[in-house]
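Work through the exercises below with the sequence and the coordinates at hand. Each task is followed by a solution in steps.

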Amino acid sequence: MSEWQKHKLGELCTRITVGHVGSMASRYTENGIPFLRSLNVKRGRIDLSAVKYINKGFHGQLAKSQLRPGDLVIVRTGDPGVTALIPDGLGPLNCSDVVIATPRSDVDARFLCYAINETAQEFVKAHTVGAVQQHFNVKSAKELTLHVPELAHQQAVSGLLGALDDKIAVNERIAATADELMRALYQEACANAAESITIGELGRLIRDGVSASSLNGGEHYIGLEHMPRRNVWLSAWEESAELASGKSAFRSNDVLFGKLRPYFHKVGLALTSGVCSTDILVVRPAEPDRLGWLLLALSSDEVVAHASAVGDGTRMPRAKWRDLEPLVVPWPGNEEAARLDQVVRSMAARVQASVTESRTLATLRDTLLPQLMSGRLRVKDAEKIVEDHA
C-alpha cells in the first residue's frame with residue numbers, strides 16, 4: 001500500500017455530476033428507457049427489479065443524466081455512498097438524483113467501485129449534509145480521497161473480485177429466468193384450465209408465532225426488505241439477526257406473501273426454514289403436489305391485484321388471509337397441477353444450489369476485498385485462495 005498514490009475522485013474522473021433532480025411521477029411510462037433511482041443502486045451492481053421507465057424523447061432531453069457503460073453511480077440520499085458500476089449490455093439508461101462519475105481511460109472503473117464501497121464510507125458519512133434531507137453532494141464527491149495503485153494492479157484486483165461478482169450475477173440471472181419460465185407455464189396452464197379452485201383449497205395459513213424471548217439470534221430471518229418484487233425465489237435472508245419482537249415461523253417450501261402494501265408484489269417460495277416478519281403471511285400447501293400451483297397462483301398478477309384492491313388501510317394497506325382464502329383461480333386438474341409441481345420443485349432445487357454458491361462466493365469476496373484494498377494481501381495469494389475454494 002505504501003506504493004499506492006492518494007488521489008481525489010475528481011482527479012480520477014473526466015466528469016462528476018448529478019442525475020436529474022425534480023419530480024418524475026408524471027413522466028414515467030410502461031416501458032422505454034430505464035430510469036435508475038437510488039433503490040436500483042446496490043453495492044457493486046445495478047438492480048432492475050423495480051426500475052421505472054421514461055420515453056426516448058424525454059431521455060434525449062436529459063442529456064446530463066444519461067449513463068454509459070463504465071460510469072459509476074453513487075447514492076446521494078437514503079443510503080449515501082453505495083456505489084455501482086454501469087455494465088456493458090444494458091443499453092441506454094438515464095437516472096435521477098445520484099452522483100454520476102466517469103473514470104478516466106487510464107483508471108479501472110471497477111476498481112474504483114470496489115474502492116469507494118470499501119474504503120470511502122466514513123468520508124461519505126462525514127460529508128453527508130442537509131437540514132431537511134441528508135444527501136452526499138457533487139462537491140464532496142470530487143474531494144473524496146482514495147489510495148490507488150498503478151493500472152495493472154487495479155486491473156488485477158478488479159479482475160479477481162469481478163470474477164466472483166460475475167458468477168454471482170450469472171446465478172441471479174438463472175433465478176430470474178426460472179421465474180419467467182414458471183410464470184409462462186402457469187399462464188399457459190391457466191388458459192387451458194377448464195375448472196377453478198379457491199386459494200383456500202390450495203393452501204392453508206400457518207399461524208406459528210415465535211416470541212422474541214425464544215429467539216436465539218441464529219435463525220434465518222426474512223423480512224419484507226429481503227423479498228424481491230415479482231420474483232418467486234426468496235434467495236435472501238439474514239443469517240443471524242437481533243430481533244426484538246415476535247415473528248412467524250416458516251418451513252422450507254412454504255409460500256410467503258407480503259401482506260403490507262401488497263402492490264409491491266412480494267410473494268415467493270422459502271428456500272430455507274426460519275422466522276419472518278409478521279407482515280408476511282405464511283401459507284403451506286394443502287397437498288404436497290399442490291405447492292407449485294399455490295406458489296404461482298399467489299404470486300400471479302391477478303391475485304396480487306386483488307390483494308391490493310381489498311387491502312385495509314389507505315397509506316399502509318394490508319392484505320388479509322380472509323380476503324385471499326375464498327378467491328377463485330383457474331385449476332388445470334390434479335394431473336396437470338402435479339406435473340407443474342414437479343417442474344417448480346426441480347427449478348427450486350436448481351435455484352437453491354445457485355443461492356448456496358452465491359452466498360459462499362459473496363462471503364469469499366467480502367473477506368478478500370478489505371485485504372486487497374488495504375494492500376495487506378497480494379493478488380497472487382488471493383488468487384490461490386479463490387482456487388482453493390473453487
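A residue counts as buried when its relative accessible area is under 20%, and as exposed when that area is over 50%. The model is predicted.

**Exercise 1. Overall dimensions**

Determine how the radius of gyration of the chain stands against the globule rule, and describe the chain as a whole.

Solution.
- Start with the secondary structure: the chain holds twelve helices and 25 strands.
- The radius of gyration is 23 Å and the globule rule gives 21 Å for 390 residues; the two values are close, so the chain is as compact as a globular protein of that length.
- The C-alpha trace spans about 70 × 50 × 40 Å along its principal axes.
- Apply the burial cut-off: 48% of the 390 residues count as buried.
- Turn to the surface: about 18,900 Å² is exposed, and carbon and sulfur atoms supply 49% of this area.
- For contacts between residues at least 6 apart in sequence, 76% join residues at least 24 apart.

**Exercise 2. An open sheet**

Find the strand order of the open sheet of four strands, and state how its strands pair.

Solution.
- The order is E2-E11-E8-E9, and the pairing is antiparallel.
- Strands E2 (13-18) and E9 (83-85) are at the edges with a single partner strand each, so each has one side without a neighbour in the sheet.
- From one strand to the next, the twist averages 20°.
- Now take one pair: E8 (residues 72-75) and E11 (residues 98-103) run antiparallel and are joined by four bridges.
- Within this pair, Leu72 is opposite Ala101 of E11.

**Exercise 3. The helix across the sheet**

Locate helix H3 relative to the strands, and decide why it can be called largely enclosed.

Solution.
- H3 lies across E8, E9 and E11, and its direction makes an angle of about 165° with E9.
- At the start of H3, a side-chain oxygen of Asp108 comes to within 3.2 Å of the backbone nitrogen of Arg110.
- List the buried residues of H3: Ala109, Phe111, Leu112, Cys113, Tyr114, Ala115, Ile116 and Asn117.
- Eight of the eleven residues in 109-119 are therefore buried, and H3 is largely enclosed by the rest of the structure.

**Exercise 4. A second helix**

Repeat the burial count for helix H8 (residues 291-298).

Solution.
- The buried residues are Leu291, Gly292, Trp293, Leu294, Leu295, Leu296, Ala297 and Leu298.
- Eight of the eight residues of H8 are buried, so H8 is largely enclosed by the rest of the structure.

Conventions
Residues are numbered from 1 along each chain as its sequence is written. This is a predicted model: local features need pLDDT of at least 70, side-chain atom pairs count only at pLDDT 80 or more; totals for chains, interfaces and linings use all residues. Side-chain values use heavy atoms; hydrogens and water are left out. Buried means under 20% relative accessible area, exposed over 50%, partly exposed in between (1.4 Å probe, protein chains only). Helices (H or I, at least four residues) and strands (E, at least two) are DSSP runs, numbered from the N terminus. A polar contact is a pair of N or O atoms within 3.5 Å; within protein, one must be able to donate a hydrogen and the other to accept it, and residues adjacent in sequence count only if both atoms are side-chain atoms. Two strands pair if DSSP finds at least two bridges between them. Axes are lines fitted to C-alpha atoms, for helices over the stretch in contact, and angles run from 0 to 180 degrees between N-to-C directions. Contact means heavy atoms within 4.5 Å. The radius of gyration is taken over C-alpha atoms; the globule rule is 2.2 Å times the number of residues to the power 0.38. Accessible areas come from the Shrake-Rupley method with a 1.4 Å probe; for residues, only the protein chains shown count as cover.
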